[in-house]
Amino acid sequence: MTDFIGADLRGSRFDRADLSGAELRAVDLSGARLRGVDFTGVVMRGVELVDVDISGEVERLTINGVDVAPLVNAELDRRDPDRAKMRPTDPAGFREALDILARLWAATIERARGLPPELLHQSVDGEWSFIETLRHLVFASDSWIRRAILGDPSPWDALDLPWDEMPDTPGVPRDRDARPSLDAVLELRRDRTSTLRQVIDGLTDESLEGHTEPVDGPGWPAPRSYPVRECLLVILNEEWHHRQFAERDLDVLEALSPARGHR
């Protein structure tokens, strides 16, 4: 164990560092940026939580004795009733969720087409570019639909993009330097969305409650059995949230474009 007592670590970078079980006392984290960080089981006492922006999966978060996660989720559902439909319980609900996503993404793609192509490769505040976001969704579909549900052990295209914190895995591409056109990535998206639609259209109450067969070979997800329902919910979650991130960043990119304000 290493002690950092009275150390000046301002501006330090901790990448893939294991700080589990660490103890932080009288530590200044003002202005810190944390991404892909696991806070499971963290206990904070005597903290000053002011002007903090948290985005991610929030469950059983207790602040001053109150579990705020249900309150946050209820407010988000109130603001956008379609959000609640991303948690379907039966085959008809999954089909409705997919229809909603198709409608929403069509509008988002139309916004993106109004921008100069080079801006679709531009990161906003260190996040994925618009093109990279679409590439990641292809990866998610390949992983959870083609690999986990349909049993293809190596379903990925060279343009697939795993999340940044995923360890390098044999056979899984991770080309951050690729600069494909919007149309090239949308062609991949159409193919994957068609496969997803076939899977969901073929759902029955029985198959929705079933489990996948483990696949052979390295990759993501790990080669074991998964509930079919969870695989499909992962895709709905990815599609919903990454479209929101894309819309947020398009607001910024439109301000940079000569054709600003295009919708």
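**Notebook: helices α3 and α7, one pocket and two cavities**

Entry 1. I looked up how α3 and α7 are oriented and noted that, with a crossing angle under 35 degrees, α3 and α7 are therefore roughly parallel to each other. I worked throughout on a predicted model. For the angle itself, I found that the axes of α3 (residues 91-113) and α7 (residues 228-256) cross at roughly 20 degrees. These two axes come within 10 Å. I recorded the crossing of α3 past α7 as left-handed. I then sorted the residues of the contact of α3 with α7 by class and entered 12 nonpolar, two polar and seven charged.

Entry 2. I turned to the second largest pocket, for which I noted a volume of about 320 Å³. I asked which residues lie nearest the centre of this pocket. They are Leu101, Ala102, Trp105, Arg189 and Thr193, out of 15 lining residues. I next looked up the helices behind this lining: α3 and α5 (182-201) each supply at least two residues. The largest share, seven residues, comes from α3. By class, I entered nine nonpolar, one polar and five charged residues for the lining of the second largest pocket.

Entry 3. I asked how many cavities of 30 Å³ or more a search of the whole structure finds. The search finds three. I took up the largest cavity and recorded about 70 Å³ of space in it. I noted that α4 (130-149), α5 and α7 each supply at least two residues of its lining. The lining includes Leu137, Val138, Ala140 and Ser141, together with Arg189, Arg192, Thr193 and Leu196. Ile235, Glu238 and Glu239 also line the largest cavity. I marked Arg189 and Thr193 here, since I had already entered both among the residues nearest the centre of the second largest pocket. The class count for the lining of the largest cavity is five nonpolar, two polar and four charged residues.

Entry 4. I closed with the second largest cavity, which holds about 50 Å³ of space. I asked which helix gives the largest share of its lining. The helix is α7, with five residues. I noted that α4 and α7 each supply at least two residues of this lining. I listed Phe245, Ala246, Asp249, Leu250 and Leu253 among the lining residues. Others that I entered for the second largest cavity are Gln122, Val124, Trp128, Ser129, Phe130 and Thr133. I sorted this lining by class into seven nonpolar, three polar and one charged.

Methods: Residues numbered from 1 in each chain as written. Predicted model: local features only at pLDDT ≥ 70, side-chain atom pairs only at ≥ 80, totals over all residues. Heavy atoms only, no water. Axes fitted to C-alpha atoms, helices over the stretch in contact; angles between N-to-C directions. Helix = DSSP H or I, 4+ residues; strand = E, 2+ residues; numbered from the N terminus. Parallel < 35°, antiparallel > 145°, perpendicular 65-115°, else oblique. Left-handed = near helix turned anticlockwise from the far one by under 90°. Nonpolar A, V, L, I, M, F, W, Y, C, P; charged D, E, K, R; others polar. 1 Å grid on protein atoms, 1.4 Å probe; cavity = no way out; pocket = protein on both sides within 12 Å on 5 of 7 lines; lining within 4 Å. Points joined across faces, edges and corners; volume = space filled by probe spheres on them.
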